[in-house]
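Here is a quick walk through a model you have open in front of you. Grab the viewer and follow along, one topic at a time.

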Number of protein chains: 2
Amino acid sequence: MNRRERVPLYKAETKVIFEGMEPGTYIHYFKDAVQVDNETHEIHGKGAVNNRLSEMVMVTLGSMGIPTHFIRRLNMREQVVRALDLLKVKVVVRNTAAGTFVSRFGLEEGMRLPRPIVEFLWQQEGHPFQYVSEEHITAFGWAAPAEIEEMTGLALRINDFLTGLFFAIGVQLVDCKLQFGRCYSDFHDESRLVLADEITPDGCRLLDIKSQQKFDRGSYASFSTEGAFDYQEIGRRFGFSGPLGVVPQKVDGE
Amino acid sequence: MNRRERVPLYKAETKVIFEGMEPGTYIHYFKDAVQVDNETHEIHGKGAVNNRLSEMVMVTLGSMGIPTHFIRRLNMREQVVRALDLLKVKVVVRNTAAGTFVSRFGLEEGMRLPRPIVEFLWQQEGHPFQYVSEEHITAFGWAAPAEIEEMTGLALRINDFLTGLFFAIGVQLVDCKLQFGRCYSDFHDESRLVLADEITPDGCRLLDIKSQQKFDRGSYASFSTEGAFDYQEIGRRFGFSGPLGVVPQKVDGE
């Protein structure tokens with residue numbers, strides 16, 4: 001890029017957040033990197049697929065009455081989003097037992113849960129995530145009881161929509177991690193919760209229904225160049241390839 | 001069919017309900033007929049697509065903790081369902097203004113509603129459907145207040161799932177009509193609501209997102225043989241064609 005050097009506000013393994021052109025906006029830059037077991041790998045085209053997927057999901061959620069931070073896609077790798085006051089707790093909605101949920105509750109991996117279960121995650125800087133209850137959230141002032149209720153309702157709606165969306169392309173949504181932020185009214189005296197961050201395979205556990213193969217970053221636990229398949233395959237099934245040329249062709253040797 | 005003649009319990013333009021083999025079950029037979037403006041037309045393969053679609057949706061809803069009457073698909077045109085005590089009111093969930101909703105509220109056809117809106121329909125035998133409120137439903141004893149709440153919650157979840165499911169195949173869910181029934185506990189002292197009837201283009205208004213062409217039975221308002229396209233196209237996009245051969249090839253002359 002030949003533009004004046006931009007100063008990142010926040011840098012993570014898979015994304016960079018810049019100040020937006022308009023006040024009250026950020027630019028979310030989707031990197032090609034994927035992080036597995038504290039190792040970072042590059043997957044050609046991953047950022048572009050995630051940018052498109054997150055745009056598609058957020059635009060549709062918006063039309064369903066679920067507010068999101070998405071404003072518009074800028075280019076293949078960037079989107080303009082609303083600057084929010086992010087909540088300190090993240091939400092996980094689980095449809096199927098996987099990951100730590102299996103060991104924490106002594107379940108079988110892959111067991112369908114009786115209904116979607118909502119959990120809250122909190123992270124102390126430099127420490128791993130931990131599960132917290134409404135009691136912690138309200139006692140420490142991370143969110144008000146009404147916000148917890150609002151967040152739970154929105155998370156369940158988003159999870160039901162995503163379950164249908166992925167099911168139609170032959171993919172099972174095992175669980176998803178969501179982040180919300182407060183959007184204030186002009187006088188800063190009222191706020192409502194808005195879906196933030198991104199909806200991509202990086203925050204969702206996905207399984208190919210036919211092969212039961214993992215379609216998310218968990219599939220990179222033993223990383224290989226074939227890993228690139230998954231993001232591209234999700235993009236292909238949603239029809240992101242073709243005219244737009246967002247999804248690159250399969251890498252040689254796959 | 002060479003089997004002993006079965007006696008239908010209920011006959012409609014698009015379906016026939018028979019007594020099931022096991023006690024407490026019915027057989028739902030999907031006809032190829034479609035009814036538009038009180039005229040009935042035959043669409044080759046329609047029943048098979050609707051049977052598969054309803055199976056697919058109900059099995060997935062079941063795995064999400066939403067109870068349905070579906071037990072198993074018997075063959076191309078029939079499925080075994082649980083016999084329920086059907087509620088007298090049906091539920092309509094609307095995402096976009098269409099049909100009578102436009103004239104009743106003075107809206108533009110195709111306007112996105114601020115959020116999904118739930119309505120209740122009741123029909124007096126031999127009369128057209130009419131919209132009723134919670135007040136009518138509870139006063140006439142058609143459903144208890146707790147049942148209305150349960151039905152509303154389930155209908156909204158089903159609508160969010162269907163919105164995602166259809167969106168992934170390029171189809172917009174404008175609205176959907178749902179029917180619920182009571183399933184009693186063994187001692188008949190408790191009941192819960194269960195999704196009944198079918199989830200098919202016959203009860204959903206669908207639009208092709210790209211062409212904005214109608215994909216439901218509304219597209220047969222001016223009926224022609226090309227009408228067969230829609231059901232088959234839905235089946236094709238969901239991958240029902242191919243090995244199973246449920247979806248017949250395009251009719252000559254299309």
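## Strands, helices and the overall chain

Helices (H or I, at least four residues) and strands (E, at least two) are DSSP runs, and they are numbered from the N terminus. With that in hand, A:Gln172 can be placed in strand E12 of chain A, which covers residues 171-178. Keep in mind throughout that this is a predicted model.

Zooming out, chain A has 15 strands along with 5 helices. Of the 254 residues in chain A, 49% are buried. If you take the contacts in chain A between residues at least 6 apart in sequence, 56% of them link residues at least 24 apart.

## A:Gln172 and its surroundings

Is A:Gln172 buried or exposed? Its relative accessible area is 13%, and the cut-off for buried is under 20%, so A:Gln172 counts as buried.

The side chain of A:Gln172 makes a polar contact of 3.2 Å with the side chain of A:Thr96. Leaving out neighbours within four places in sequence, the residues that A:Gln172 is in contact with are A:Thr96, A:Arg112, A:Arg205, A:Leu206, A:Leu207, A:Ile209 and A:Gln212. A:Thr96 therefore turns up both in the polar contact and in the contact list, with A:Gln172 itself being buried.

## Two residues with positive phi

Most residues other than glycine have a negative phi. A:Gln212, one of the contacts of A:Gln172, goes the other way, with a positive phi of about 60° although it is not a glycine. A:Gln212 sits in the loop between E15 and helix H5 (228-237) of chain A. It counts as partly exposed, at 44% relative accessibility.

A:Asp197 also has a positive phi without being glycine, with a value near 55°. You'll find A:Asp197 in the loop that runs between strand E14 (191-195) and strand E15 (204-208) of chain A. Here the relative accessible area is 18%, and A:Asp197 is buried.

## A:Leu9 in strand E1

Over in strand E1 (residues 8-11) of chain A is A:Leu9. A:Leu9 is partly exposed, its relative accessible area being 46%. Not counting residues up to four places away in sequence, A:Leu9 touches A:Ile17, A:Phe18, A:Glu19 and A:Tyr26.

For a sense of scale, try A:Leu9 and A:Arg237: they are 228 residues apart in sequence, and their C-alpha atoms are 34 Å apart in space.

## B:Asp175 and two arginines

Now switch to chain B, where B:Asp175 is found in strand E12 (residues 171-178). B:Asp175 is buried, with a relative accessible area of 4%.

Which side chains make polar contacts with that of B:Asp175? One is B:Arg94, at 3.4 Å, and another is B:Arg205, at 2.7 Å. Both arginines also appear among the residues B:Asp175 touches, a list that runs B:Val93, B:Arg94, B:Asn95, B:Ala98, B:Gly203, B:Cys204 and B:Arg205 once residues up to four places away in sequence are set aside.

## How the two chains meet

Chain B can be laid on chain A by a turn of 180° and a shift of 0.0 Å along the axis, with an RMSD of 0.0 Å. The two copies are thus related as by a two-fold rotation axis. The copies meet through the same surface, because 100% of the interface residues of chain B are also interface residues in chain A.

In contact terms, 20 residues of chain B meet 20 residues of chain A. Between them the chains bury about 1600 Å², 63% of it on carbon and sulfur atoms. The count of salt bridges between chain B and chain A is 2. B:Asp160 forms a salt bridge with A:Arg157, where the closest N and O atoms are 2.7 Å apart. There are also 4 residue pairs in polar contact across the interface, counting pairs with both residues at pLDDT 80 or more.

On the side of chain B that touches chain A, helix H1 (46-63), strand E10 (112-123) and helix H4 (145-167) each supply at least two residues. The largest share, 7 residues, comes from H4(B). By type, the residues on that side of chain B divide into 11 nonpolar, 5 polar and 4 charged.

How values were computed. Residues are numbered from 1 along each chain as its sequence is written. Chains are lettered from A and ligands numbered from 1 in the order in which they are written. This is a predicted model: local features need pLDDT of at least 70, side-chain atom pairs count only at pLDDT 80 or more; totals for chains, interfaces and linings use all residues. Side-chain values use heavy atoms; hydrogens and water are left out. Buried means under 20% relative accessible area, exposed over 50%, partly exposed in between (1.4 Å probe, protein chains only). A polar contact is a pair of N or O atoms within 3.5 Å; within protein, one must be able to donate a hydrogen and the other to accept it, and residues adjacent in sequence count only if both atoms are side-chain atoms. Contact means heavy atoms within 4.5 Å. Copies are superposed by least squares on the C-alpha atoms of residues with pLDDT of at least 70 in both. Buried area is the accessible area (1.4 Å probe) that two parts lose on being put together, summed over both. A salt bridge is a side-chain nitrogen of Lys or Arg within 4 Å of a carboxyl oxygen of Asp or Glu. Ala, Val, Leu, Ile, Met, Phe, Trp, Tyr, Cys and Pro count as nonpolar, Asp, Glu, Lys and Arg as charged, and the others, Gly among them, as polar.
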